[in-house]
Every structure is written in structure tokens, then in C-alpha cells.
Number of protein chains: 4
Amino acid sequence: MSKNKTPIIILNYKTYTESTGKNAVKLSQYVQEASDETGINMAIAPQAVDLYPIIESVDIPVYAQHMDAITPGGHTGSALPEALYETGIEGSLINHSEKRLTLADIDVVVEKTRQLDLTSVLCTNNVKTSAACASFNPDFIAIEPPELIGTGIPVSQASPEVVENTVEEIHKINKNISVLCGAGISTGEDMKAALDLGAQGVLLASGIIKAENQKEALIDLVSLI
Amino acid sequence: MSKNKTPIIILNYKTYTESTGKNAVKLSQYVQEASDETGINMAIAPQAVDLYPIIESVDIPVYAQHMDAITPGGHTGSALPEALYETGIEGSLINHSEKRLTLADIDVVVEKTRQLDLTSVLCTNNVKTSAACASFNPDFIAIEPPELIGTGIPVSQASPEVVENTVEEIHKINKNISVLCGAGISTGEDMKAALDLGAQGVLLASGIIKAENQKEALIDLVSLI
Amino acid sequence: MSKNKTPIIILNYKTYTESTGKNAVKLSQYVQEASDETGINMAIAPQAVDLYPIIESVDIPVYAQHMDAITPGGHTGSALPEALYETGIEGSLINHSEKRLTLADIDVVVEKTRQLDLTSVLCTNNVKTSAACASFNPDFIAIEPPELIGTGIPVSQASPEVVENTVEEIHKINKNISVLCGAGISTGEDMKAALDLGAQGVLLASGIIKAENQKEALIDLVSLI
Amino acid sequence: MSKNKTPIIILNYKTYTESTGKNAVKLSQYVQEASDETGINMAIAPQAVDLYPIIESVDIPVYAQHMDAITPGGHTGSALPEALYETGIEGSLINHSEKRLTLADIDVVVEKTRQLDLTSVLCTNNVKTSAACASFNPDFIAIEPPELIGTGIPVSQASPEVVENTVEEIHKINKNISVLCGAGISTGEDMKAALDLGAQGVLLASGIIKAENQKEALIDLVSLI
């Protein structure tokens, strides 16, 4: 069961052309191949609309990018947790910096993932919000300083103390939560640095998705661990 | 091509349990059967996550419930028009009362549906906002007084003048826009009243989705026209 | 200095007619009289637009209802902390259930109140979000189960364990934070029950604002403590 | 009465330090002096919190920057039209690009300004949204292409056809609406160009607020008309 295996890499597909529709299915196959060849656990978070065709095509953990804090009913255009669950996803990103939730809704969605036995990856932006999120007891907290997202400057290099302090503050409150390191990760060195600082994996996007050879970029990413 | 055939009925699946996942596929088949048996054009608007399996299963026009005013890029958790388009949808609801957009975003999304050659169904709440929307030149304007949504009281009965005035004001600005009547529609009489008031169809949801026999409810809906 | 004196009662003016404009100034004078006569510390949170005339008229702690997580610049229509500060306020409500913030913005605004030496009253909806908020180290956490707001059913009676558990969970993380009890408080018995459960005061609104005699209602509120 | 005199210049104070609190009062006096000396009608739109002290200090039309589409009640932290009205404002900006509203809320707020006999200045971003807004019959439509806001590049120079077409399209629907030109206006030449293109005034902000000598900048602005 995927929850017991630490997903060391989570690839957020966002809404890039390279990770949409047919491209998303193809990319997912590359991720599976890279995972199979390296033995490293890799999960993906595609757009909601692409979940069914991707889950049919690959056998790696697939997560939703977002869930709304709603129950079945009149919510035209929203992302119903139960509808996403039915696709066969194994988890969900929550509160990504591009889809921030209110505190009350974070609580609702983390609780909903627990009820559905889904892995929860709660995204935060600094040490203090990470500590706050530890109270919700998610499976993962992914710290992504927003000023680094998409820059190619890895948090592990720009602010190593952010990763270390996040791990420390979270574990003061809850030792069971794993920390992921996001923002700016793209090379094997970034990945190794993140793990050396106490993270148990990375959440990344453009560094891989925009790579000329996505599969090779993934293999490079885990080459030093 | 569906754009030339007036879709007299659009069924908004919202996020009801009865119209999610496997239930959504089954419901879509009932809609297709009802459409085939009656010869009436029926379109459906399922949740984004259910679009692929539904489009694979049926041969009726399928619309998205919502599109975000974004282009490909870093928009985790949002509804990218190009991703929805790739599923094979033929149109989209826009600005539903449960997913209101800013004026600037309505403009962007209607324009995007035009570029993608998708049918645009722009939802409004009264005569004045309908007239405003006529300037965007969508294919359909669906007027749904919010106070009637989900009540079972049809707008055609509660406020017939709203439908008549909407048709009149819209056509002053743009004669090519068809008007749909929403909110509270569930019976053949509601449907007939809507058409008699100048609407060219209806947008409806719970009246059919929550019916004990969804297919019969649809057949009843068009029984008087 | 007001921060050293526990403000046992905070009256949220919301946007009621009875607590707007001239009515707000009059109400503020009643609060001051009730505070003077009973010796109980009472603070008020009027609308932003009414802050200057109220602060000119009374000598009790005045708080803002909300601050946006912005710095000076191009933010037409937003509530700039520095602009509110300049009125002479002594604190601010943050994340009220009628004005929820994202987690990232809560962090920014609590930090901003600290920089400006303002009292921070961070509103939460249950035990878990209260525990999360303890990490931000605000002066007060005001727990208001949303289902009780405006009902006249006091949280201290409907769910006494919510208050007790909130106090306990917050103090596990940070012993310096005082807990206020909100939602449904209106009588002296509600107030006493709240304090007995470990709260150090109450945050209330309609129970006083809508009272026929607002000053008497306030005096009654503190009659049993 | 100010509604009969075209306010040729509306200065949006946004949330700049230079236009907050005491600075806002001083700036308002400069605007009044510039208006008195030039005979040109100038209105100002300060932050809500600064309305009372400004309206006490000057005798020029003062507008709100924003109104929420709410009625008196439980709306902590929102901008109640009735509360703003009570300050003595003569109008309000609506739907500024930094505070976009849904279409339904634009309708509510424009209607509310009409009921309160306030001047409505409805902000738009292009020709099509301006035409849509004409259906709401506001007193002014202020067109501000968002890509030019704060750049110092005047819309009248960057896209003169936008101004001309906006005037034309709006007047097709409603001849009584005056058009203001926003975004990038700061000099007398910009102002003259705007009027030559059919605008009846300008909505501006940083060009004046950030000027070393705000009063002179205003006098310069109207020097060529």
C-alpha cells in the first residue's frame, strides 16, 4: 500500500501544456519508467480532468491537485472529494500556493482525506505555517517558499535553514509527519541537499515537466541518493 | 454539428452523488436514451473529473461546468480550458450561480470558448445582468433567478415576466443569442411554459437528477412540446 | 496599557444598522459607561469606516474587524494595516468566520499586528483550527463554532467540551495565549459558564447589539462574574 | 450638486503611504487647492477608514473606493454601502481592477448607489466589458487596460482606439454614460489626449500621488485643457 512507502518524489503537473491530456498520459508513463528503473517511489498530481485516463494507463500513485471543502450537492464547477476518490487516486495536494485555502477549509479537506484513506500532502509557505499545519496531522507537509517557485533556485540552497527549521518545528508537534521540500528543485544535487536537510522527499513541477527529456530529468534527480 | 441544433435541454450534473462517477456514466446513458426516444436534443454538463469516461460512453453533447480564465502554466487545481477541450466537450457553462466569475473573467472565458469553437452557455441571474452579457455574444444565456434554484418553483411560473423581459432585452442588443430558462424547472408544464415565454430551452439539475426514475423524468419534461 | 489588562468582553459591531455610523458612536458610549460602571474591561470592533469618529468619542480599546495581508501600494478597496493603525486602534480581529483568510494570510496579519504592537484576536471554528493557530502566537484565540453564530445558543452550553478542549490544546502549544469564547453568548449565565470552562473572556455581537437596551444587556452580561 | 458637474478628474488614493491617514488629509487639501485655482472639478477616492477625517477637512466630492454587495447584518470586515454613505461621500468606484466583483455583485452595487443617489464610477478593462457595463447605467465608466496601470504609459497614447471604441460602444447602448480614461495618465498631454479621444475625464492614482509636488502635478495635468 502506497501510504507505507514514502513517495520520495511527487510531480505536480499543474496546468502546463506538457502535462495536459495526451501529454499528461505520456509523461505519466515516463514517470513510471523512471520509477521502475531507479526503484524510487514517484507519485504524480495531474489535473482533475486527466485523472481517469492516467490512472487507467499507469501503476504509480496518482494524487489530485486540489479538493474543495464540499460535500455532494449543488456545487457546480467545484472539485468534489468523492468524485476525485472514485477515480482511484491515492492522495491529494492540499492548499498549494496556487490554490490557497482558508484555515477552516484546510481542516475539512485533511479530515476528508483521512476518512477516504487518502494520503494528504499539505502545502505550506514557511516554518510558522508548517508548524500550524502539524496540528492537522496530514501525512506530508510540503514546504514551498513562494518566492522560489518556478525560479530554478532550490530552497535547499537558497534557504537551507527553512527546511531544517520546518522539520524541527513540525516534529515538535507531531513526529509522524513527513516533510517534503518544494520550490526550485530540479537536479540530483538539489534532491540530495533536500534529503540531507531532513526532508523525506520533494514536490516539484516545472523543473521536470519543462525538461527536454522528462524521463532523464527524473533519473538525474535521484542519481545522488 | 451540435452548434446548429438547438440543445433544448441542458442537464447540469453539479456535484450530486447521483451524478458522480459511475452514476454519472449511467445517468448519461439515460439522457442519451431519452434524447433518442423523443428526438429532443439534450446536452449534459458533468464534473470535470468525469468528462473522459462519459464522453467515451455516450454520443450526446457534453459540456464543462466551468472554465477558469487561465492559460497553460502554473495554476495548480484550476480548470484549464485547453485541458477540458481535449476531452471532446462541445461547450461549457460559464458563470453559474454556484461559480460566479468577475466580469473581466467572463469576457476571457467566453472569448476562449469562441476560439476553441465551443458552445458557450453564460449563466445570469436577472434581466439586467442578462442584457450586460449580451455584449459578450455567447451562444446561450441561461437566466436563473438564484432565489428559485433548487426550490422546484419554476421561474416560468414564479416570474414569467423575467423570462419575457430577458429575451426582449437580450435581443435588443444581439438577436443571435438564444435564451435558456433555468431554476425550478422539472415538469413538462414548466418546460412548455418556458418555451411559450420565448426561451429556446432549459438548463436544469436537481429536478431530473434527484428523480426516482431519471429517464422517465426527462421524457415527461418534453412531453408537452 | 490595554494589552496587560485582559479585555474580558470584545463586542464585534459587524455591519448591523444598530452599530453603524452615529449609532456606532452612541453604542460605543454605552459600552464605555457599562465598562466604567462595572469595572470590567470591554473592547469594541467597529467597521473600518467608523474607527476615527469612535476613537475620538470614547476611551476604551478599539479594534479593527479585519486587516488585509497587504503592504502600502496599489490595493484599491482593501484594508491596509498601517491605515487602520493610524486611527489609534489597539488591536484587530483576524480571520473572523465572516471574513476567512488563507493560512498564509493569517500568518502575515498576526505578524503585522505584532510589529505594530497591536492586540491580535485570531478567530477559529473548532479545537483543531485553534490548536493550529496557537503556532502563530496571537494574544487571543476566539473560538466560535460557526453553526452557533447568531443563534442565541451559547457555545458554553451547546458544546462545553469544545471550550475546554480548545483551552487545553492551545495551552499545550503555547501557555501565553488567552482563549475567548464566541457564538451565542448573550446573558450573564453564558458569560459565567464561558469563564468557568477556562475562557478568559467572550467575543460577541448580535446578543448585545440587537438588545433593546444595549447598556443594560452589557451590565447583565457581567453580572455573575 | 456634484452630479451635474462632470468631475473631470478622479484621484484614486489606493493604499499608498502618501495617501493614507494624515497624508491623505493633506493630499485632499492640495487637491482642493488645485481644483479651486484651476476651476476644474476634482474628486477623490480615499480608503474607507480615512473618509470621515477627509470629508471634515475639504469641500470637494469624495468617493468610496469600493462597496460590498451586502445589506446591514453579519458581515464582519466588509464595506457596507450604508456605512460609507453616512460619511457624506458623493459616489463610489465599483469593480476597480484591484477589487474585481462578480457580474451579479456589480449589478447590486450600481443599483445601491442609485438608491442612495451616489455617483457610480464603474471600472472596466476593455471595450467589451465596457459595453456590457453600459447595461447597468452607471454615471461613469472608467476604462483602465490593466496592463497599463501604474506604468506611466497612458492608454490615450498606447491604445487610443481603445478609448474611442469604448466611447462608441457605450454610447450605442446608453448615451447618458460618461467615459473616463484611466491607467498611465500623469501629464497635461495625457489628459488632453484623453479628452480629445472622447473621454470626459480621467481616473488616476500613482502619477499624482507619487509626484514630488502633488498639487503642481494636478495643476500641470489640467494645463492644456
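**Entry 1: Gln47(A)**

I began with Gln47(A) in this predicted model, asking whether the residue is buried or exposed. Its relative accessible area comes out at 2%, and because the cut-off for buried is under 20%, I entered Gln47(A) as buried. I then looked up where Gln47(A) sits along its chain, and found it in the loop between strand 2 (42-45) and helix 2 (51-57) of chain A.

Which residues does Gln47(A) touch, leaving out those up to four places away in sequence? From chain A, I listed Lys14(A), Thr15(A), Tyr16(A), Ser19(A), Thr20(A) and Gln65(A), and from chain B, I listed Leu80(B) and Ala83(B). Since that list of contacts includes residues of chain B, I turned next to chain A and chain B as a pair.

**Entry 2: chain A with chain B**

I noted that 35 residues of chain A are in contact with 35 residues of chain B, and that the area buried between these two chains is about 2,600 Å², with carbon and sulfur atoms giving 54% of that area. On the side of chain A, the residues that lose the most area to chain B are Thr15(A), Val49(A) and Thr76(A), which together make up 27% of what that side buries. Thr15(A) had already appeared in my notes as one of the residues that Gln47(A) touches.

How many salt bridges are counted between chain A and chain B? The count is 0, whereas the count of residue pairs in polar contact, with both residues at pLDDT 80 or more, is 18. I also checked which elements give two or more residues to the side of chain A that touches chain B, and these are helix 2 and helix 3 (81-85) of chain A; helix 2 of chain A provides the largest share, 3 residues. By residue class, I recorded this side of chain A as 12 nonpolar, 17 polar and 6 charged.

**Entry 3: chain B with chain D**

I went on to chain B and chain D, where 20 residues of chain B are in contact with 20 residues of chain D, and where the buried area is about 1,600 Å², of which 64% comes from carbon and sulfur atoms. Here I found 4 salt bridges counted between the two chains, and I looked at one that pairs Lys128(B) with Glu111(D), for which the closest N and O atoms are 3.0 Å apart. Across this interface I also noted 8 residue pairs in polar contact, both residues being at pLDDT 80 or more.

Which helices of chain B each supply at least two residues of the side that touches chain D? They are helix 4 (103-115) and helix 5 (127-134), and the largest share, 6 residues, comes from helix 4 of chain B. The residues on this side of chain B fall into 9 nonpolar, 6 polar and 5 charged.

**Entry 4: how the copies are related**

I then superposed chain B on chain D, which gave an RMSD of 0.0 Å for a turn of 180° and a shift of 0.0 Å along the axis, so I wrote the two copies down as related as by a two-fold rotation axis. The same surface serves both copies, since 100% of the contact residues of chain B recur in chain D.

Last, I checked two further pairs: chain B and chain C do not touch, with their nearest C-alpha atoms 16 Å apart, and chain A and chain D do not touch either, with their nearest C-alpha atoms 16 Å apart.

How values were computed:
Residues are numbered from 1 along each chain as its sequence is written. Chains are lettered from A and ligands numbered from 1 in the order in which they are written. This is a predicted model: local features need pLDDT of at least 70, side-chain atom pairs count only at pLDDT 80 or more; totals for chains, interfaces and linings use all residues. Side-chain values use heavy atoms; hydrogens and water are left out. Contact means heavy atoms within 4.5 Å. Buried area is the accessible area (1.4 Å probe) that two parts lose on being put together, summed over both. A salt bridge is a side-chain nitrogen of Lys or Arg within 4 Å of a carboxyl oxygen of Asp or Glu. A polar contact is a pair of N or O atoms within 3.5 Å; within protein, one must be able to donate a hydrogen and the other to accept it, and residues adjacent in sequence count only if both atoms are side-chain atoms. Helices (H or I, at least four residues) and strands (E, at least two) are DSSP runs, numbered from the N terminus. Ala, Val, Leu, Ile, Met, Phe, Trp, Tyr, Cys and Pro count as nonpolar, Asp, Glu, Lys and Arg as charged, and the others, Gly among them, as polar. Buried means under 20% relative accessible area, exposed over 50%, partly exposed in between (1.4 Å probe, protein chains only). Copies are superposed by least squares on the C-alpha atoms of residues with pLDDT of at least 70 in both.
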